[in-house]
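User: Please take a close look at one buried spot in this model and follow it outward into its surroundings. What sits there, what touches it, and where does the trail lead?

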Amino acid sequence: MIWLFLILLILLILLRSPIAVALGLPALVWLFLNDISLGITTQRIYGTLNNSVLLAVPMFLLAGRLMNLLQVTDRIFDFAMAIVGHIRGGLGHVVVVTSMIFSAMSGSAAADAVGVGTITVKAARERGYDPEFAAAITLSASTLAPIIPPSIIMIIYGATANVSIGRLFIGGIIPGIIFASLLLIAVSIIARRRQYPLMGQFSFRRLFTTLRKAFLVLLTPVIIIGGIFFGFFTPTEAATIAVLYILLLGMWYRTLTWRGMYREFVNAGSTVGVLMLVVGISGLDGWVFTREQLPVLFMNGVSGVVSEPWAIILVLLAVILVLGMFMDATPIILMVAPVMMPIVASAGIDPVHFGVLFCMTCVLGLITPPVGVALYGVASVSKLPMERIFWATIPFFLSLIGGMIFLVFVPSAVTFAPNLFLN
Amino acid sequence: MNKTHFLRLEAGVVRLEGLMLFAILAALLFTLSMQVISRFFMDFPLAWTEELGRVLQIWLVFIGAAVGTHRCEHFVVELFMEKVNFPGKAAVARLIDLTTVGFFAILAWVSAQTMLNGAGQILPTLGISIAWSYAAIPIGCALMVLHFLMAAVRPIDPNASPKEVIE
């Protein structure tokens with residue numbers, strides 16, 4: 001029976017059914033064939049969404065939308081330019097630093113790719129860089145958004161797998177810094193090889209003026225991460241404060257209009273709606289999977305092949321990476337996390353460690369063809385073909401994979417900070 | 001009634017949904033702000049904020065998903081249908097559209113039943129029937145059915161090439 005369910009699910013996905021329907025229809029059929037009341041559907045959907053932890057998703061999405069509306073990205077970009085712009089291959093470094101700061105305010109790779117990409121590709125053309133290089137580094141750096149807190153997919157993972165979102169957020173900080181450093185190193189090597197021009201000198205005066213312009217914007221990540229770090233706010237509350245703060249900034253900079261605000265509220269609402277509809281319906285699937293003992297079947301399958309914790313992690317991540325090439329992060333988390341969590345628990349793997357790796361692997365899928373939201377985003381703002389951007393991304397992609405492998409074998413790089421601060 | 005009447009009706013519904021979405025998000029922002037403010041600046045945390053937040057969340061999801069349906073924002077995997085050709089492909093695509101409408105129609109019907117059956121239950125801190133919260137599901141699903149049906153009537157994409165619009 002469960003095989004019929006899974007085959008129907010995959011068939012519907014392939015035939016371009018909305019993911020919500022592809023997840024929901026097999027469950028309806030399953031309930032009908034098993035003679036169980038269809039009322040379960042409503043109860044499971046309601047039960048999954050009736051969770052205040054998930055309220056962080058609309059708030060962080062709204063914060064990201066408003067930030068793009070108020071054009072604060074330019075201020076961050078100028079500031080990053082003043083810090084690292086003078087190094088050879090400066091623009092590449094600037095993109096990584098801008099993305100890092102942007103990541104600490106927004107929770108979605110796609111928002112980062114579009115927000116940062118719009119500026120960087122234009123800047124690259126003006127300064128005589130290959131636009132592919134700028135697009136590739138923007139794309140690679142957009143993976144930082146869901147790793148460095150806040151992160152929408154970590155919220156979804158935390159709610160699905162029942163792992164503390166505060167711990168996941170704090171656990172993402174050190175890996176985020178490691179990934180950013182790897183990207184900076186890759187930029188340096190490529191810039192030296194291709195002899196990119198040096199541009200301008202470092203100047204304290206410029207650093208000071210750009211810092212003053214960006215200062216109020218830079219306080220946003222301090223409020224969000226600091227508030228969660230020291231236990232003042234829950235992630236949901238931190239997101240709420242961030243939205244209020246950004247609205248105040250918009251009034252201060254006089255870039256906020258009623259019309260723009262209304263538009264972004266409605267845009268954020270519809271994005272949240274389609275995203276969380278899938279979350280709700282997946283709660284129904286999770287119920288069916290548990291009834292059919294799918295996690296146990298999967299666990300026996302995996303433990304028949306490998307037994308070491310690191311080997312189990314590698315096998316699970318490989319599954320996620322392959323799925324990630326074809327699907328968006330949220331549906332993968334919702335379908336796969338409930339099935340994988342029992343294995344993770346029984347192998348004694350730290351759920352925060354696995355969760356951070358899980359989210360990062362999903363994100364790598366967002367930048368790879370054939371299906372990658374961030375890749376589409378960068379391709380559309382840079383007006384370059386996807387293939388060209390992806391080939392230029394390969395060196396960065398490999399350094400990110402290298403970082404992943406390091407984190408698989410060194411769990412403390414993830415778990416150290418949350419254990420220290422949130423106990 | 002002809003096609004333009006339906007389109008005008010749908011445009012009105014979409015405008016109403018937009019207003020509702022704005023109001024829900026604004027109310028959510030207010031509720032969650034009150035939660036923080038009451039905890040830091042008042043002696044007692046407010047009891048109702050958490051529950052009201054969850055009620056608003058259900059409404060946000062289902063009205064938002066309805067607007068998302070009108071904007072064709074639902075997650076789909078395009079790859080297979082874009083790259084592979086097989087006999088009867090157009091018919092299969094139609095069948096998928098039909099199952100989509102059917103799915104949300106069933107969900108609307110079933111959730112309306114659940115809502116009515118459970119209406120006796122009261123939300124503890126707000127003191128209102130849980131049906132106020134459950135109602136978002138049948139209403140949202142019915143609106144999605146409307147938008148999915150209208151997708152067959154509506155010109156496919158405002159930016160589409162003229163040829164497609166004429167078709």
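Analyst: Start with T138(A), which counts as buried because its relative accessibility is 0%, and the cut-off for buried is under 20%. The model is predicted. T138(A) sits in helix 8 of chain A. Which residues does T138(A) contact, once its neighbours within four places in sequence are left aside? They are V95(A), A113(A), V116(A), G117(A), T120(A) and V378(A).

Follow V378(A). V378(A) is one of the buried residues of helix 19 of chain A, which spans residues 373-382. The others in that buried set are A374(A), L375(A), G377(A), A379(A) and S382(A). What covers these buried residues? The cover includes helix 7 (109-126), helix 8 (131-142), helix 18 (351-367) and helix 20 of chain A. T138(A) touches V378(A), and helix 8 is part of the cover over helix 19.

Now leave helix 19 at its end. Just after helix 19, K383(A) takes a positive phi of about 55 degrees. K383(A) is a residue other than glycine. It lies in the loop between helix 19 and helix 20 of chain A. Is K383(A) buried or exposed? K383(A) is exposed, because its relative accessible area is 72% and the cut-off for exposed is over 50%. The S382(A) position is buried, whereas K383(A) is exposed.

The loop leads on to helix 20. Helix 20 (residues 386-409) packs against helix 11 (residues 173-194) of chain A. Two numbers describe such a pair: the angle between the axes and the distance between them. Here the angle is about 145 degrees, and the axes are 9 Å apart. Helix 11 passes helix 20 in a right-handed crossing. On the helix 11 side, the contact is made by P175(A), I178(A), F179(A), L182(A), L183(A), A186(A), V187(A) and I190(A). Helix 20 answers with P395(A), F396(A), S399(A), L400(A), G403(A), M404(A), F406(A) and L407(A). By class, this contact holds 14 nonpolar residues, two polar and no charged.

Two more residues fill in these helices. I401(A) lies in helix 20. It is partly exposed, because its relative accessible area of 24% falls between the buried and exposed cut-offs of 20% and 50%. I401(A) is 37 residues from L364(A) in sequence, and their C-alpha atoms are 8.7 Å apart. A191(A) is in helix 11. With a relative accessibility of 0%, A191(A) counts as buried. Not counting residues up to four places away in sequence, A191(A) touches R88(A), G89(A) and Y196(A). A191(A) and I87(A) are 104 residues apart along the chain, yet their C-alpha atoms are separated by 9.6 Å.

A80(A) offers another buried site for comparison. A80(A) is in helix 5 (residues 73-84) of chain A. Its relative accessible area is 0%, so A80(A) is buried. Beyond its neighbours within four places in sequence, A80(A) contacts G85(A), V94(A), V97(A) and T98(A). A80(A) and L31(A) are 49 residues apart in sequence and 55 Å apart in space, C-alpha to C-alpha.

How many cavities of 30 Å³ or more does a search of the whole structure find? It finds one. The volume of this cavity is about 50 Å³. Its lining is made of M1(A), L4(A), F5(A), L8(A), P26(A), V29(A), W30(A) and L33(A). The elements that give two or more residues to that lining are helix 1 (2-14) and helix 2 (19-33) of chain A. Helix 2 gives the most, with four residues. The lining divides into eight nonpolar residues, no polar and no charged.

Last, two backbone details in loops. Going back to the stretch after helix 8, the peptide bond from P149(A) to P150(A) is cis, with omega near -5 degrees. P150(A) is found in the loop between helix 8 and helix 9 (152-161) of chain A. R254(A), a residue other than glycine, has a positive phi near 55 degrees. It is found in the loop between helix 13 (235-252) and helix 14 (258-291) of chain A. R254(A) is exposed, with a relative accessible area of 75%.

Key. Residues are numbered from 1 along each chain as its sequence is written. Chains are lettered from A and ligands numbered from 1 in the order in which they are written. This is a predicted model: local features need pLDDT of at least 70, side-chain atom pairs count only at pLDDT 80 or more; totals for chains, interfaces and linings use all residues. Side-chain values use heavy atoms; hydrogens and water are left out. On a 1 Å grid over the protein atoms alone, a cavity is a set of points where a 1.4 Å probe fits but cannot get out, and a pocket is an open set with protein on both sides within 12 Å along at least five of seven lines; lining residues have an atom within 4 Å of a point. Grid points are joined across faces, edges and corners, and a volume is the space filled by probe spheres set on the points. Ala, Val, Leu, Ile, Met, Phe, Trp, Tyr, Cys and Pro count as nonpolar, Asp, Glu, Lys and Arg as charged, and the others, Gly among them, as polar. Axes are lines fitted to C-alpha atoms, for helices over the stretch in contact, and angles run from 0 to 180 degrees between N-to-C directions. A crossing is left-handed if the near helix is turned anticlockwise from the far one by less than a right angle, and right-handed if clockwise. Contact means heavy atoms within 4.5 Å. Buried means under 20% relative accessible area, exposed over 50%, partly exposed in between (1.4 Å probe, protein chains only).
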